[in-house]
Amino acid sequence: MNTIYPRMFDYPVALERTGGDEEFLFRLVDIYRSDFKKRFALLTSAVENKDFECIHHQAHTLKGSSANLCLGTLQELSLRLEEAAERRDPVAARALLKKMALHFRRFLDYCHRERETSSPGVA
Amino acid sequence: MIKLLIVDDDAVFRTLVERHACSLDFAVYSAENGRAALDILQEKKINILVLDWMMPGMTGIELCARIRKQKTNEYRYIILLTSRNQTRDIVEGLTAGADDYITKPFNQKELQARLNIGKRIITLQQQLMSAKQKLHQIAIHDNLTRLFNRGEILRNLEEKLNQAKRERQPLGVILLDVDHFKQVNDRYGHQTGDSVLVEIARRMQKTLRPYDKVGRYGGEEFLIVLPNCDRVTTCEVGERIRKNIGGSRFKTREDSIRVTISLGGVVTDPARPISAQELLHRSDMALYRSKNDGRNRVTVYSQAMQNRKKTGGTHEYHLSADV
């Protein structure tokens, strides 16, 4: 897993953060998934309404939670979205949201596959 | 158990910190914003807080400053979590009242080490508070009788007198002296004398209401403060104490002794406020009268007593004497 998608999900480091507890790591992934969906809906609405303060805040939180779970790509996209909000750039914000949605879907698919076939971390 | 509150709008982060804190035997609470955190702080005695810097509504810095403004006896140790790692940000966080900070994403071992520092500080602070409390108790109590000492009963008198003035209520004060106490000491020794004083203190406390205050005023003198007591009640209380002490003998190692007391009472008139010093002077006059009139009695001060003193009259003012 780590060797194939190190930027998407740095599993060994994430596992280390949970003290080696894989079950707990998956619990965090579930929390992240549900939190992401909620925040993504808020972001979509904020981009439409050009509510840059809200975009900035939600992007900042997603940046933190992505970093905690070692989701490098989503962390970086969140950072760029935060910066787009600071520049008050709706075009960039919209484009970044699309990318985030895509990478989030990839991450979920990946987790789903890994859970069904074997334990995560086994590449 | 030390109580820890995590405040962060990121659910992943809250769950992660909660996990590490639980492994260190903290009782963990969590809130997703500053408002919810303040509610928890009102209900629970939180010892350590882990605050995220950037939160909607109220930032961690603002929350930190608000917590520091609250007056509590117990110290709250605050760790600020931030992805900001510039010196000026760290200084701003510490200036707002944080004790420590951790940068995000955090290292598990570092977080645990810093939480343990917080635990150590809180434990030390609790020990300090406990020692301070014990010292305070020692400072305000008489070592022998465990009643309030002179300083504390006089402070209490001032406090209750001010309260009585505010509420326009009467305040009763009784000064009490053990009759012929020197003879007890001379005949039975000071140890017996001390045990007599301890027993007198015990019997007095048993007689008084929970909100009445009594203290050792001098060697064998005691001062009693009776909130909301008019002249009749003050006299009744004095009588009960006199009977409880003089009514049954005191058992000592060698013998059983009969001990009597003389009491001088005074009651404030809500319409005419007077000073604590004047109250003490008047109760002393009444006590002096009890002594002069044969001891083992209660005398309550009256204005006539003052007038007679000035003119040299010899009227009786005592209210009881059953010798």
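Here is a friendly conversation about a predicted model with chains A and B.

Visitor: Let's start with chain A. How many helices and strands are there in chain A?

Guide: Welcome! From the N terminus on, the elements of chain A run α-α-α-α-α. The count for chain A is therefore five helices and zero strands.

Visitor: Which element of chain A has the highest mean pLDDT?

Guide: Chain A as a whole averages a pLDDT of 87, and 89% of the residues score at least 70. Among its elements, helix 1 (residues 11-17) of chain A has the lowest mean, 86. The highest mean, 95, belongs to helix 4 (residues 72-87) of chain A.

Visitor: What share of the residues in chain A is buried?

Guide: Chain A has 123 residues. Among contacts in this chain between residues at least 6 apart in sequence, 61% join residues at least 24 apart. As for buried residues, their share of chain A is 50%.

Visitor: Is Lys50(A) buried, partly exposed or exposed?

Guide: Lys50(A) sits in the loop between helix 2 (22-48) and helix 3 (52-68) of chain A. Its phi is near 55°, a positive value in a residue other than glycine. The relative accessible area of Lys50(A) is 48%, and the range for the middle class runs from 20% to 50%. Lys50(A) is therefore partly exposed.

Visitor: Over in chain B, what is the phi of His180(B) near?

Guide: Look in the loop between strand 6 and helix 7 (181-188) of chain B to find His180(B). At 41% relative accessibility, this residue counts as partly exposed. His180(B) is a residue other than glycine with a positive phi, near 50°.

Visitor: Why is strand 3 of chain B described as largely enclosed by the rest of the structure?

Guide: Check its two faces: Ile48(B), Val50(B) and Asp52(B) on one side are buried, and so are Leu49(B) and Leu51(B) on the other. Strand 3 (residues 48-52) of chain B is largely enclosed because the number of its residues that are buried is five of the five.

Visitor: How many bridges join strand 1 of chain B to strand 3 of chain B?

Guide: Strand 1 covers residues 3-7 of chain B, and the two strands run parallel. One place to look is Val7(B), which stands opposite Leu51(B) in strand 3 of chain B. The number of bridges joining strand 1 to strand 3 of chain B is four.

Visitor: What unit do strand 3, helix 3 and strand 4 of chain B make?

Guide: Strand 3 and strand 4 (residues 77-82) of chain B pair in the parallel sense over five bridges. Leu49(B), for example, has Ile78(B) as its bridge partner in strand 4 of chain B. Together with helix 3 (residues 60-69) of chain B, these strands make a right-handed β-α-β unit.

Visitor: What separates the C-alpha atoms of Phe26(B) and Leu4(B)?

Guide: Phe26(B) lies in the loop between helix 1 (11-23) and strand 2 (27-31) of chain B, and at 4% relative accessibility it counts as buried. Leaving aside residues up to four places away in sequence, Phe26(B) touches several residues, including Leu4(B), Ile48(B) and Leu115(B). Phe26(B) and Leu4(B) are 22 residues apart along the chain, yet their C-alpha atoms are separated by 6.2 Å.

Visitor: Which strands stand at the edges of the five-strand open sheet in chain B?

Guide: This sheet of chain B has mixed pairing and the order 7-8-6-11-12. Each edge strand has a single partner strand, so one side of each is left without a neighbour in the sheet; these are strand 7 (213-216) and strand 12 (298-300) of chain B.

Visitor: In strand 8 of chain B, what is the bridge partner of Leu176(B)?

Guide: Strand 6 (residues 171-178) and strand 8 (residues 221-227) of chain B run antiparallel, joined by seven bridges. In strand 8 of chain B, the partner of Leu176(B) is Phe222(B).

Visitor: Which backbone oxygen does the side chain of Thr234(B) reach?

Guide: Thr234(B) lies in helix 9 (residues 231-246) of chain B. At 1% relative accessibility, Thr234(B) counts as buried, and its contacts include Gly172(B), Leu226(B) and Val266(B). At 2.8 Å, its side chain reaches the backbone oxygen of Asp230(B).

Terms used
Residues are numbered from 1 along each chain as its sequence is written. Chains are lettered from A and ligands numbered from 1 in the order in which they are written. This is a predicted model: local features need pLDDT of at least 70, side-chain atom pairs count only at pLDDT 80 or more; totals for chains, interfaces and linings use all residues. Side-chain values use heavy atoms; hydrogens and water are left out. Buried means under 20% relative accessible area, exposed over 50%, partly exposed in between (1.4 Å probe, protein chains only). Two strands pair if DSSP finds at least two bridges between them. A crossover is right-handed if, with the strands pointing away from the viewer, the path from the first strand over the helix to the second runs clockwise. pLDDT is the predictor's confidence in each residue, from 0 to 100. A polar contact is a pair of N or O atoms within 3.5 Å; within protein, one must be able to donate a hydrogen and the other to accept it, and residues adjacent in sequence count only if both atoms are side-chain atoms. Contact means heavy atoms within 4.5 Å.
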